[in-house]
Amino acid sequence: MVPLTCGIDWAEKYHDVALVDQPGRLVAKRRISDDVHGWRTLVDLLAEHGDCPGEQIPVAIETSRGLLVSCLRATGRKVYAINPLAVARYRERHTVARAKSDHADAMTPANILRVDADHHRPLPADSELVQAIAVLARAQQDAVWNRQQLANQLRSLLREYFPAALTAFHVKNIGLTSREARAVLQAAPTPAAAAKLTTRRLHDLLRSSGRRRNIGTWAERLQTLFRGEHLHQLPLVEEALGRQAQALLLQLYAACRAADELSEATSEAFHQHPDAAVVTSFPGLADLTGARVLAELGDDRARFTDARALKAYAGAAPITRASGKSLVVHHRKVKNQRLAAAGYVWAFASLRAPGPRAHYDRRRTEGDRHSSALRNTFNRLLGCLHHCLQEGMIYNEHVAFPPRSKATA
């Protein structure tokens, strides 16, 4: 049978499907609903045109998420998530009239797959466990970002009418997201209310927040700060700002709880994966950062052809722009943003180890800025991680970062 490619233009309520043969002729088209009936219609359509377990028709679609994509991946077929920008550019190969229809949008990814399949990568064949880790790790990362966003909003608000609170909780490992700060500010959201807090009341608030050490010292310090001389808003305005702060604190409470609960669930799932031992053997990678890295890398060993492909995917490898006499090297902006964010934390935390620290210091000595040197360290660690995962090896610093004399020999 003539090889076919399938393109799907997805939407919220229905999807348009197009089957194209090798010469580019439309073989079949169908509009399916986004439910079980639509899924069965798609399976029957593919089977009608030769789809079978031994020779499955590849599918191209403009997203990598959703129930439809999940079901397609579960069948074991190759599913290609084509970037919508690439689809739009390919459409301009054939027409510049800007005509558009759902049927044509389904044919475009099918034709991309027919002509340029080698230039696109199918979605990885990740295990069910690593897909679950990805869901939890990304949700936890979002919760952390949301928590910090709310803390920044609260900080800006307190600066307008209650700067003593910012001074009180501007301590190492203690911030506005800490349980101590949330408990005290919820009980006394205004300077007037905070000035009335007794040492005993502060003692009770700190203990109820979960603090167990230096409670007396903390209570006396907070009382001194709150009863000091400060600028004030008008009484009614201050009271209104306090109510706004309490509303933000409620959201902050929920964000902190979500982040904590997702952290526990992520760590639990991460430790069940066989790659967890390899990942956490690297300096700077603990349960959460390791889970985030594993979630974005997956456990399909064929996903990246080599370490260079992984480094480009993570944004750690530089990109060169050469034209005529111009030659400029930039850092990558098109990358997996989640992996890049986790990589920054990983590289920074790894500087406590001698090998990464020496590599970072050497890059700084050669003229790199902090961000560039850190990105280069991340690039080096990624190459080591790719090798260790491929070979099932534990991280060895003497191999990953050999002494300079041996490395140059």
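# A tour of the hollows and cysteines

Visitor: Which residues line the largest cavity?

Guide: Welcome! Keep in mind as we go that this is a predicted model. The largest cavity holds about 100 Å³ of space. Its lining is made up of Leu297, Gly298, Asp300, Arg301, Arg303, Phe304, Leu310, His386, Leu389 and Gln390.

Visitor: Which helix gives the largest share of the lining of the largest cavity?

Guide: By class, this lining has four nonpolar, three polar and three charged residues. Three residues of the lining come from one helix, spanning residues 370-391, and that is the largest share. The helix you are looking for is helix 17.

Visitor: How many charged residues are in the lining of the second largest cavity?

Guide: This cavity has a volume of about 40 Å³. Its lining consists of Tyr161, Phe162, Pro163, Ala164, Pro191, Phe226, His230, Leu231 and His232. Seven of these count as nonpolar and two as polar, and the number of charged residues is zero.

Visitor: Let's turn to the pockets. Which helix supplies the largest share of the lining of the largest pocket?

Guide: The largest pocket contains about 1,700 Å³ of space and has 39 lining residues. Several helices each supply at least two of them, including helix 2 (67-74), helix 3 (84-94) and helix 5 (128-161). The largest share is six residues, and it comes from helix 5.

Visitor: Which residues lie nearest the centre of the second largest pocket?

Guide: About 320 Å³ of space lies in this pocket. Its lining divides into seven nonpolar, three polar and seven charged residues. Of the 17 lining residues, those nearest the centre are Pro122, Leu123, Pro124, Ala125 and Asp300.

Visitor: Why is Cys52 not in a disulfide?

Guide: A disulfide is a covalent bond between the sulfur atoms of two cysteines. To count here, the two sulfur atoms must be within 2.5 Å. For Cys52, the closest cysteine sulfur belongs to Cys6, and that is too far for a bond because the distance is 15 Å.

Visitor: How many disulfides does the count come to?

Guide: The rule asks for a pair of cysteine sulfur atoms within 2.5 Å. With that rule, the count of disulfides comes to zero.

Visitor: Is Cys256 buried or exposed?

Guide: Buried means under 20% relative accessible area. Cys52 has 32% relative accessibility, so Cys52 counts as partly exposed. Cys256 has a relative accessible area of 3%, so Cys256 is buried.

Terms used
Residues are numbered from 1 along each chain as its sequence is written. This is a predicted model: local features need pLDDT of at least 70, side-chain atom pairs count only at pLDDT 80 or more; totals for chains, interfaces and linings use all residues. Side-chain values use heavy atoms; hydrogens and water are left out. On a 1 Å grid over the protein atoms alone, a cavity is a set of points where a 1.4 Å probe fits but cannot get out, and a pocket is an open set with protein on both sides within 12 Å along at least five of seven lines; lining residues have an atom within 4 Å of a point. Grid points are joined across faces, edges and corners, and a volume is the space filled by probe spheres set on the points. Helices (H or I, at least four residues) and strands (E, at least two) are DSSP runs, numbered from the N terminus. Ala, Val, Leu, Ile, Met, Phe, Trp, Tyr, Cys and Pro count as nonpolar, Asp, Glu, Lys and Arg as charged, and the others, Gly among them, as polar. Buried means under 20% relative accessible area, exposed over 50%, partly exposed in between (1.4 Å probe, protein chains only).
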